[in-house]
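Q: Please take one part of this structure and look at it closely, then show how it sits among the rest. A plain account for a newcomer is enough.

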Amino acid sequence: MGEDKASLVLANGEMLGARSVAALGDAGCSHIIGVGGTRELSSQLGIEHVPDMWPGQGPLGALVTALTASYPAITVLLPCDLPLADASVVKQLLQHLDGGNGVQHCAIPRIDGHRAFVTSVWSRDCLAPLVRSFESGGRSIRGALSGLDVTYFEPAT
C-alpha cells in the first residue's frame, strides 16, 4: 500500500488511527503508544512513538514491543485500522481480563467465530513467556499462547 494505514484520511477528514486513539482515551487508558510507524505520525495522533523492536517480524514482535514499552500492569492491543472501534470495545476487553477469578494473562475476543488476537488485552506478567516464544522463532500471537491463561469471549454488539 505504501503508506501507514493509521494516516489514511476518512471522509469526515479524520485520520483512521485517530479512531483507535480516541477509543483508548475515552475508555480511560492513560498511556497510549503507537508501535512502529513514524514519529511524525504518532505526534500527529498525540501519542508516544515507540519503534518496533523487530520491524517486519509479525504481530508477536509488535506485542512484545508494546508490553516492554508500557508501564501500566495492563496493556490493550488495538490496531490502528479499526474504523468502528470505540470506548465500548476497549471497556469490554478490560472487563474480560479479570473475569472475577483473579488476573488473567490475556483476554481475546471472538469476532464472527474468529479469535481477534490483535484486538486484545494483556497483563504484564505474560511478557516473559511471549519473549521466550519470539526468541525461539515464534512470530504469531496464536503460537505464543501455550502456557498462558487466556480468556476468550464473544463481544456484546
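A: Helices here are DSSP runs of at least four residues and strands are runs of at least two, both numbered from the N terminus. The model is a predicted one. In these terms, Leu-10 has its place in the segment before H1, and H1 itself covers 16–26.

Leu-10 has a relative accessible area of 23% and is partly exposed. Buried means under 20%, so Leu-10 does not reach that class. A nonpolar core is built from buried residues, and therefore Leu-10 cannot be a member of one here.

What does Leu-10 touch, not counting residues up to four places away in sequence? The contacts are with Leu-16 and Arg-19. A part of the chain far along the sequence can also be placed: Pro-83 is 73 residues from Leu-10, with 9.0 Å between their C-alpha atoms.

One of these contacts leads to a salt bridge. Arg-19 meets Glu-14 through their side chains, with 2.6 Å from N to O. Arg-19 is partly exposed at 24% relative accessible area, and Glu-14 is also partly exposed, at 24%. Neither is buried, because that would need a value under 20%.

The whole structure holds two salt bridges. Another pair is Asp-81 and Lys-5, whose closest N and O atoms are 2.9 Å apart. Lys-5 lies in the segment before H1 and Asp-81 in the loop between E3 and H4, so this pair, 76 residues apart, links distant parts of the chain. Both ends are partly exposed: Asp-81 at 27% and Lys-5 at 40%.

The nonpolar core comes next. In soluble globular proteins, nonpolar side chains tend to be buried together. The largest nonpolar core here has 20 residues, and those touching the most other members are Leu-24, Leu-45, Val-76, Leu-78, Val-90 and Val-121. At least two residues come from each of H1, H2 and H4, with H4 giving the largest share, four residues. Leu-24 shows how the parts meet: beyond its neighbours within four places in sequence, Leu-24 is in contact with Cys-29, Ile-32, Val-76, Leu-78 and Val-90. Separate from this core is a second one of 17 residues, which includes Trp-122, Leu-127, Ile-141 and Ala-144.

H1 has a part in the largest pocket too. At least two lining residues come from each of H1, strand E1 (33–35), helix H2 (39–45), helix H3 (59–69) and strand E3 (74–77). This pocket holds about 960 Å³ of space. Its lining has 39 residues, and nearest the centre are Ile-33, Gly-34, Val-35, Leu-77 and Leu-78. Leu-78 thus appears both beside the pocket centre and among the core residues with the most contacts to other members. The lining divides into 23 nonpolar, 12 polar and four charged residues.

The second largest pocket holds about 370 Å³. It is lined by 18 residues, of which Val-89, Gln-92, Ile-111, Pro-155 and Ala-156 lie nearest its centre. Helix H4 (87–98) and strand E4 (106–111) are the elements that give two or more residues to this lining, and H4 supplies its largest share, four residues. By class, the lining has 11 nonpolar, four polar and three charged residues.

Definitions and conventions
Residues numbered from 1 in each chain as written. Predicted model: local features only at pLDDT ≥ 70, side-chain atom pairs only at ≥ 80, totals over all residues. Heavy atoms only, no water. 1 Å grid on protein atoms, 1.4 Å probe; cavity = no way out; pocket = protein on both sides within 12 Å on 5 of 7 lines; lining within 4 Å. Points joined across faces, edges and corners; volume = space filled by probe spheres on them. Nonpolar A, V, L, I, M, F, W, Y, C, P; charged D, E, K, R; others polar. Salt bridge = Lys/Arg side-chain N within 4 Å of Asp/Glu carboxyl O. Buried < 20%, exposed > 50% of the residue type's maximum accessible area, 1.4 Å probe, protein only. Core = buried A, V, L, I, M, F, W, Y, C linked by side-chain atoms within 4.5 Å. Contact = heavy atoms within 4.5 Å.
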